[in-house]
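Colleague: I should like to go through this model with you, element by element. May I put my questions in turn?

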Amino acid sequence: MIMNVPVFVSGGLRDIAKRYDVVLLDQFGVLHDGDKALPGAIESIEELHKLGTKMVIVSNSSKRKADTRERYLRLGFPDYMMDFTTSGEMCWQHIKDTYAALHPPGSVEATSVATDVGAGTDSSEPRRKKALW
């Protein structure tokens with residue numbers, strides 16, 4: 001079966017930005033290499049901002065939102081991002097929202113059990129650590 005699917009051929013960043021309310025951008029390998037901004041990345045962000053485009057960084061980084069934003073600014077990018085969403089932030093929020101309700105402040109202390117396997121000891125005895133949220 002042949003389907004008629006509209007095809008969009010872009011003339012550049014400006015054409016793409018006009019078609020969407022928000023642009024989602026990956027960071028590593030798209031905007032920077034971990035040490036410096038990639039050529040043209042800062043200028044592209046500035047151009048999108050001039051066009052009134054809302055931008056969000058979406059990343060599979062294990063870092064939290066604040067850490068990602070700090071690195072982004074430290075690499076010389078302008079502060080135009082609407083938001084930063086990382087897998088690390090989403091996991092942290094999920095754990096906080098799911099487990100904080102089970103142990104509200106003032107209730108039984110929230111704990112997690114971890115095993116020292118591979119952590120430099122021969123012990124397989126569980127150890128208790130306070131949960132962080």
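**Questions on the predicted model**

Modeller: Of the 133 residues in the chain, buried residues make up 22%. Please bear in mind that this is a predicted model.

Colleague: Which pattern do the helices and strands follow along the sequence?

Modeller: The chain contains 4 helices and 5 strands. Read along the sequence, they follow the pattern α-β-α-β-α-β-α-β-β.

Colleague: What share of the accessible surface belongs to carbon and sulfur atoms?

Modeller: The accessible surface of the chain comes to about 9800 Å². The share that belongs to carbon and sulfur atoms is 55%.

Colleague: Among contacts between residues at least 6 apart in sequence, what percentage join residues at least 24 apart?

Modeller: A contact here requires heavy atoms within 4.5 Å. Among contacts in the chain between residues at least 6 apart, those that join residues at least 24 apart account for 61%.

Colleague: Which are the edge strands of the open sheet?

Modeller: The open sheet is formed by 3 strands in the order β1-β2-β3, with parallel pairing. An edge strand pairs on one side only, and this applies to β1 (22-25) and β3 (83-86). On average, neighbouring strands of this sheet are turned by 25 degrees against each other, direction ignored. The edge strands are therefore, given the pairing rule of at least two bridges, β1 and β3.

Colleague: Which residue in β3 is the bridge partner of Val58?

Modeller: Strand β2, residues 54-59, pairs with β3 in the parallel sense over 4 bridges. For Val58, the bridge partner in β3 is Thr85.

Colleague: At what angle to β3 does helix α4 run?

Modeller: Two helices lie across this part of the sheet. Helix α3 (residues 65-74) lies across β2 and β3, at about 120 degrees to β3. Helix α4 (residues 87-99) also lies across β2 and β3, and its angle to β3 is about 80 degrees.

Colleague: Is Thr53 buried or exposed?

Modeller: Thr53 lies in the loop between α2 (41-50) and β2. Leaving out residues up to four places away in sequence, Thr53 touches Ala17, Val23 and Leu48. Its relative accessibility is 9%, and because the limit is under 20%, Thr53 counts as buried.

Colleague: Which residues does Gln27 contact, leaving aside its neighbours within four places in sequence?

Modeller: Gln27 is found in the loop between β1 and α2. At 7% relative accessibility, Gln27 counts as buried. Its contacts beyond those neighbours are His32, Ile57, Val58, Ser59, Ser61 and Thr68.

Colleague: What accessible area do the residues of the nonpolar surface patch have together?

Modeller: One member of the patch, Leu24, is found in strand β1. Leu24 counts as exposed because its relative accessibility is 59%. The patch is formed by Val22, Leu24, Val58 and Met82, and their accessible area together is about 350 Å².

Colleague: How many residues apart in sequence are Glu89 and Arg64?

Modeller: Side chains of opposite charge can pair when their charged atoms come close. Glu89 forms a salt bridge with Arg64, with the closest N and O atoms 2.9 Å apart. The pair links distant parts of the chain, Glu89 in helix α4 and Arg64 in the loop between β2 and α3; their separation in sequence is 25 residues.

Colleague: Which of these categories describes Arg64: buried, exposed or partly exposed?

Modeller: Its partner Glu89 is buried, with a relative accessible area of 10%. Arg64, in contrast, has 30% relative accessibility and so counts as partly exposed.

Colleague: How far apart in space are Gln93 and Arg64, C-alpha to C-alpha?

Modeller: Gln93 lies in helix α4 and counts as partly exposed, at 28% relative accessibility. Gln93 and Arg64 are 29 residues apart in sequence, and their C-alpha distance in space is 9.7 Å.

Colleague: What is the N to O distance in the salt bridge of Arg69 and Asp79?

Modeller: Both residues count as partly exposed, because Arg69 has 31% relative accessibility and Asp79 has 45%. In the salt bridge of their side chains, the N to O distance is 2.5 Å.

Colleague: How many salt bridges does a search of the whole structure find?

Modeller: One further pair joins the side chains of Lys36 and Asp33, at 2.7 Å from N to O. Asp33 is partly exposed, with a relative accessible area of 27%. The number of salt bridges found in the whole structure is 6.

Conventions:
Residues numbered from 1 in each chain as written. Predicted model: local features only at pLDDT ≥ 70, side-chain atom pairs only at ≥ 80, totals over all residues. Heavy atoms only, no water. Axes fitted to C-alpha atoms, helices over the stretch in contact; angles between N-to-C directions. Buried < 20%, exposed > 50% of the residue type's maximum accessible area, 1.4 Å probe, protein only. Patch = residues over 30% accessible without salt bridge, like charges linked within 9 Å, V, L, I, M, F, W, Y side chains within 5 Å. Areas by Shrake-Rupley, 256 points an atom, 1.4 Å probe, with all protein chains shown as cover. Salt bridge = Lys/Arg side-chain N within 4 Å of Asp/Glu carboxyl O.
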